[in-house]
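User: Got a minute to go through a model with me? I'd like a quick tour.

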Amino acid sequence: MLKVDSICCIRQDRCLFEDLSFELHQGQIVQLEGQNGAGKTSLLRILAGFVRAESGKVLWQGQDIAKDNLQFASDTLYIGHKTGVNGQLTAVENLAFWLETHGLETQQDLHDVLAQLGLVGLEDVPVRLLSAGQQRRVALARLWLNKATLWMLDEPFTAVDKKGVVLLQQQFKKHLAQGGAIILTSHQDLTEHFPELSRLVLEYRF
Ligand SMILES: Nc1ncnc2c1ncn2[C@@H]1O[C@H](COP(=O)(O)OP(=O)(O)OP(=O)(O)O)[C@@H](O)[C@H]1O
């Protein structure tokens, strides 16, 4: 599905990685690891098509994502380490807005989705009034609503409590079982829950 072909990333005159190649297939989960500043977020942002690599290519279903962006955009979901929710809107309004702007429809009741995420009674409260973990749960609710094949997640477990982590892991498993793929950054050890997980370690380079 995703083929990364010899990409290089330079930030502030520092080469974070070069000649990096790997592939990601259906049902596969890859964890990006490395010290703070090693380049995990930079790599994810290149894979998501937000920025171009200095050299090399990223191919989705054989097409260069720089050229065939529309298909890639509808097949992928990126959730960054910032929640990306609008604090002035309620949780339900945030999800409805996100669905609308992504051209998605759902048969699911948004209150039910938020209830699954432990947000009962908070669905219609402006998100800025929720705790950090609750705001992240609102952001992560997109994982219950999207149709994307490839999920790219930057530190999805940040601020999420143990119960929330279990919930997320269950959703990951469901996605993988349905033929999806996940690439994520996390400082947590996930191998216990995902024995099939591949690890990609970025060494910090000076
Ligand atoms: N837009 C940018 N402009 C300039 N430098 C940047 C930019 N984005 C990232 N960097 C630099 O690139 C390096 C790698 O940053 P990045 O966020 O990719 O690391 P990371 O491995 O995700 O770190 P962390 O574990 O702390 O989240 C850092 O030194 C950072 O200062």
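Analyst: Here is a quick run through the ligand site, the cysteines and the backbone. Keep in mind that this is a predicted model.

User: Ligand first. How many residues surround the ligand, and which are the closest?

Analyst: The ligand is surrounded by 13 residues. Gly37, Gly39, Lys40, Thr41 and Ser42 are the closest.

User: What is the split into nonpolar, polar and charged in that shell?

Analyst: The shell has 8 polar residues, 3 charged and 2 nonpolar.

User: Which elements supply at least two residues of the shell?

Analyst: Strand 2 (14-24) and helix 1 (40-47) each do. Helix 1 gives the most, with 3 residues.

User: Now the polar contacts. What does serine 42 do?

Analyst: A polar atom in the side chain of serine 42 sits 2.6 Å from a ligand oxygen.

User: And glycine 39, what distance there?

Analyst: For glycine 39 the contact comes from the backbone: an N or O atom lies 2.9 Å from an oxygen atom of the ligand.

User: What about asparagine 36?

Analyst: Asparagine 36 uses its side chain, with an N or O atom 3.0 Å from a ligand oxygen.

User: How much of the ligand's surface does the protein bury?

Analyst: The protein buries 59% of the 630 Å² that the ligand exposes when taken alone.

User: Back to helix 1. How many of its residues are buried?

Analyst: 6 of its 8, so helix 1 is mostly covered.

User: Which ones?

Analyst: The buried residues in helix 1 are Lys40, Ser42, Leu43, Leu44, Ile46 and Leu47. Ser42 also has the 2.6 Å side-chain contact to the ligand.

User: What happens just after helix 1?

Analyst: Glycine 49 takes a positive phi there, about 85°.

User: Which residues other than glycine have a positive phi?

Analyst: Aspartate 19 is one of them, with phi near 50°. Alanine 159 is another, with phi of about 70°.

User: Where is aspartate 19, and is that residue buried or exposed?

Analyst: Aspartate 19 is in strand 2. Its relative accessible area is 56%. That is over 50%, so aspartate 19 counts as exposed.

User: Where does alanine 159 lie?

Analyst: Alanine 159 is in the loop that runs between strand 7 (150-154) and helix 6 (162-177). Alanine 159 is partly exposed, with a relative accessible area of 48%.

User: Change of topic. How many disulfides does the structure hold?

Analyst: The count is 0. Cysteine 8 is in no disulfide, and the nearest cysteine sulfur, on cysteine 15, is 4.5 Å away.

User: Why doesn't that pair count as a disulfide?

Analyst: The cut-off is 2.5 Å between the sulfur atoms, so 4.5 Å does not qualify.

User: Is cysteine 8 buried or exposed?

Analyst: Cysteine 8 is buried, at 11% relative accessible area.

User: And cysteine 9, how far to the nearest cysteine sulfur?

Analyst: That sulfur belongs to cysteine 8 and is 7.1 Å away; cysteine 9 is in no disulfide. Cysteine 9 is buried too, with 0% relative accessibility.

User: Last one. What does UniProt place at residues 2-203?

Analyst: The unreviewed UniProt entry has the feature "domain: ABC transporter" there.

User: How much helix and strand is in that stretch?

Analyst: Residues 2-203 are 29% helix and 26% strand. The end C-alpha atoms of the stretch are 22 Å apart.

Methods: Residues are numbered from 1 along each chain as its sequence is written. This is a predicted model: local features need pLDDT of at least 70, side-chain atom pairs count only at pLDDT 80 or more; totals for chains, interfaces and linings use all residues. Side-chain values use heavy atoms; hydrogens and water are left out. A residue is near a molecule or strand if one of its heavy atoms lies within 4 Å of it. A polar contact is a pair of N or O atoms within 3.5 Å; within protein, one must be able to donate a hydrogen and the other to accept it, and residues adjacent in sequence count only if both atoms are side-chain atoms. Accessible areas come from the Shrake-Rupley method with a 1.4 Å probe; for residues, only the protein chains shown count as cover. Helices (H or I, at least four residues) and strands (E, at least two) are DSSP runs, numbered from the N terminus. Ala, Val, Leu, Ile, Met, Phe, Trp, Tyr, Cys and Pro count as nonpolar, Asp, Glu, Lys and Arg as charged, and the others, Gly among them, as polar. Buried means under 20% relative accessible area, exposed over 50%, partly exposed in between (1.4 Å probe, protein chains only). UniProt positions are given in the numbering used here, feature names are shortened, and annotations may be inferred rather than shown by experiment.
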